[in-house]
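Me: I'd like to go through this model with you feature by feature. Could you show me how to read each one?

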Amino acid sequence: MMSEKVNDTIALFISKLSETTGYKYLKSRRSLKKTIGQIVFEVLFFSSKWNDDNNIEINADFRVSYKKYGAASTADSVVASKSFENNKEYWYDISNESKFDEVMKYFETELQTTAVDLSDRFDKDFTAACQYLLEEKFKEYNVFFDFLVDVLGEEKVMYRINEFMEQLSEFDKQQIADYKKGAKDKFWMLNRSNMRFVADNGYL
């Protein structure tokens with residue numbers, strides 16, 4: 001069980017970020033959330049299982065979901081996502097006041113340039129925001145082909161699909177061949193993925 005100090009520190013951290021991002025703080029999910037039409041933007045916070053009163057560490061994922069595909073933040077609905085990396089260390093240390101402030105500044109800046117920027121773009125122009133994901137943020141946000149094709153049409157997305165296929169290894173291509181013969185032993189074969197999209201739609 002997390003101690004009261006750990007829970008309170010993490011709650012304070014997320015609630016402060018709620019103020020600077022304008023996202024709603026959902027205490028039960030330890031997340032910040034904003035909904036614009038059919039798109040749900042969520043920053044989900046995680047805490048280390050080793051946390052105690054003297055050592056409090058967190059991290060976060062930014063997820064974009066399309067409600068047309070299902071409930072937010074599920075395997076069916078996530079259309080883009082980004083993990084925050086702390087110079088190759090996974091956890092961010094907020095154990096004391098100076099570390100708390102330092103990590104707070106980092107996340108304030110990161111979330112302004114990721115979550116806040118993207119939700120603002122979707123608020124202004126849905127199609128232009130999708131075009132931005134395709135052209136500028138495709139790799140960084142791990143954007144799904146099915147969503148981009150759905151919104152922008154295959155023709156506009158085809159160059160990214162071709163790029164993706166050119167980068168597939170012989171091992172990847174063998175997996176796709178196995179999948180077409182009925183294999184279901186890899187994670188991507190069972191869930192929405194760009195590999196599965198390419199295989200299911202006959203691009204390879």
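**Reading the fold, one feature at a time**

Reply: Let's start with one residue: Ser119 counts as buried because its relative accessibility is 1%, and buried means under 20%. Ser119 lies in helix α2. Keep in mind that this is a predicted model.

Me: Which residues does Ser119 touch, leaving out those up to four places away in sequence?

Reply: With those sequence neighbours set aside, Ser119 touches Tyr23, Lys34, Ile36 and Phe41. Helix α2 also holds Val116, so try that residue next: Val116 is at 9% relative accessibility and therefore buried. Val116 touches Thr21, Tyr23 and Leu111, again not counting residues up to four places away. Tyr23 turns up in the list for Ser119 and in the list for Val116.

Me: How far is Val116 from Arg160?

Reply: Their C-alpha atoms are separated by 25 Å, and along the chain they are 44 residues apart.

Me: Let's zoom out. How many helices and strands does the chain have?

Reply: The protein chain has eight helices and six strands. In sequence order the pattern is α-β-β-β-β-β-β-α-α-α-α-α-α-α. The C-alpha trace spans about 55 × 40 × 30 Å along its principal axes, and 44% of the 204 residues count as buried. For contacts with a separation of 6 or more, 50% come from residues 24 or more positions apart.

Me: How do I check a helix, and why does the span of α1 agree with what is expected?

Reply: You compare the expected span with the end-to-end distance. Helix α1 covers residues 4–21, and its 18 residues at 1.5 Å a residue should span 26 Å; the end C-alpha atoms are 26 Å apart, so the two agree. Just after α1, Gly22 takes a positive phi of about 80°.

Me: And which residues of α1 are buried?

Reply: The general idea comes first: an α-helix has 3.6 residues a turn, so residues three or four places apart point the same way. In α1 the buried residues are Val6, Thr9, Ile10, Ala11, Phe13, Ile14, Leu17, Ser18 and Thr21. Their cover includes β1 (24–26), β2 (31–36), β3 (39–47), β4 (57–66) and α2 (97–124).

Me: What about positive phi in residues other than glycine?

Reply: Ser73 is one case, with a positive phi of about 60°. Ser73 lies in the loop between β4 and β5 (78–83), and its relative accessible area is 16%, so it is buried. Asn142 is another, with phi near 50°. Asn142 sits in the loop between α3 and α4 and, at 45% relative accessibility, counts as partly exposed.

Me: Now the aromatics. How many aromatic pairs are there?

Reply: The count comes to 21 aromatic pairs. Take Tyr90 and Trp91: they form an edge-to-face pair, 4.7 Å centre to centre with 90° between the planes. Tyr90 is partly exposed at 39% relative accessibility, and Trp91 is partly exposed at 26%. Phe126 and Phe147 also pair edge-to-face, at 6.5 Å centre to centre and 80° between the planes. That pair links distant parts of the chain, with Phe126 in helix α3 (residues 126–135) and Phe147 in helix α4 (residues 145–152), 21 residues apart.

Me: Is each partner of that second pair buried or partly exposed?

Reply: Phe126 is partly exposed, at 29% relative accessibility, whereas Phe147 is buried, with a relative accessible area of 0%. There is also an aromatic cluster made of Phe13, Phe45, Phe84, Tyr92, Phe100, Tyr106 and Phe107. Phe13 is among the buried residues of α1.

Me: Where do charged groups sit over rings?

Reply: Arg121 has its charged end over the ring of Tyr132, 3.6 Å from the ring centre. Arg192 lies over the face of Phe144, 4.3 Å from the ring centre.

Me: Last one, pockets. Which residues line the largest pocket, and which helix gives the most to its lining?

Reply: The largest pocket has a volume of about 190 Å³. Its lining is made up of Ser81, Phe138, Lys139, Asn142, Val143, Phe144, Arg160, Glu163, Phe164, Gln167 and Asn194. Helix α5 (residues 154–166) gives the most, with three residues. You've already met some of these names: Asn142 is the residue with phi near 50°, and Phe144 is the ring under Arg192.

Key: Residues are numbered from 1 along each chain as its sequence is written. This is a predicted model: local features need pLDDT of at least 70, side-chain atom pairs count only at pLDDT 80 or more; totals for chains, interfaces and linings use all residues. Side-chain values use heavy atoms; hydrogens and water are left out. Helices (H or I, at least four residues) and strands (E, at least two) are DSSP runs, numbered from the N terminus. The expected span of a helix is 1.5 Å times one less than its number of residues. Buried means under 20% relative accessible area, exposed over 50%, partly exposed in between (1.4 Å probe, protein chains only). Contact means heavy atoms within 4.5 Å. Rings of Phe, Tyr and Trp (its six-membered ring) pair if their centres lie within 6.5 Å; planes under 30 degrees apart count as stacked, over 60 as edge-to-face and the rest as tilted. A charge sits over a ring if NZ of Lys or CZ of Arg is within 6 Å of the ring centre and within 35 degrees of the ring normal. On a 1 Å grid over the protein atoms alone, a cavity is a set of points where a 1.4 Å probe fits but cannot get out, and a pocket is an open set with protein on both sides within 12 Å along at least five of seven lines; lining residues have an atom within 4 Å of a point. Grid points are joined across faces, edges and corners, and a volume is the space filled by probe spheres set on the points.
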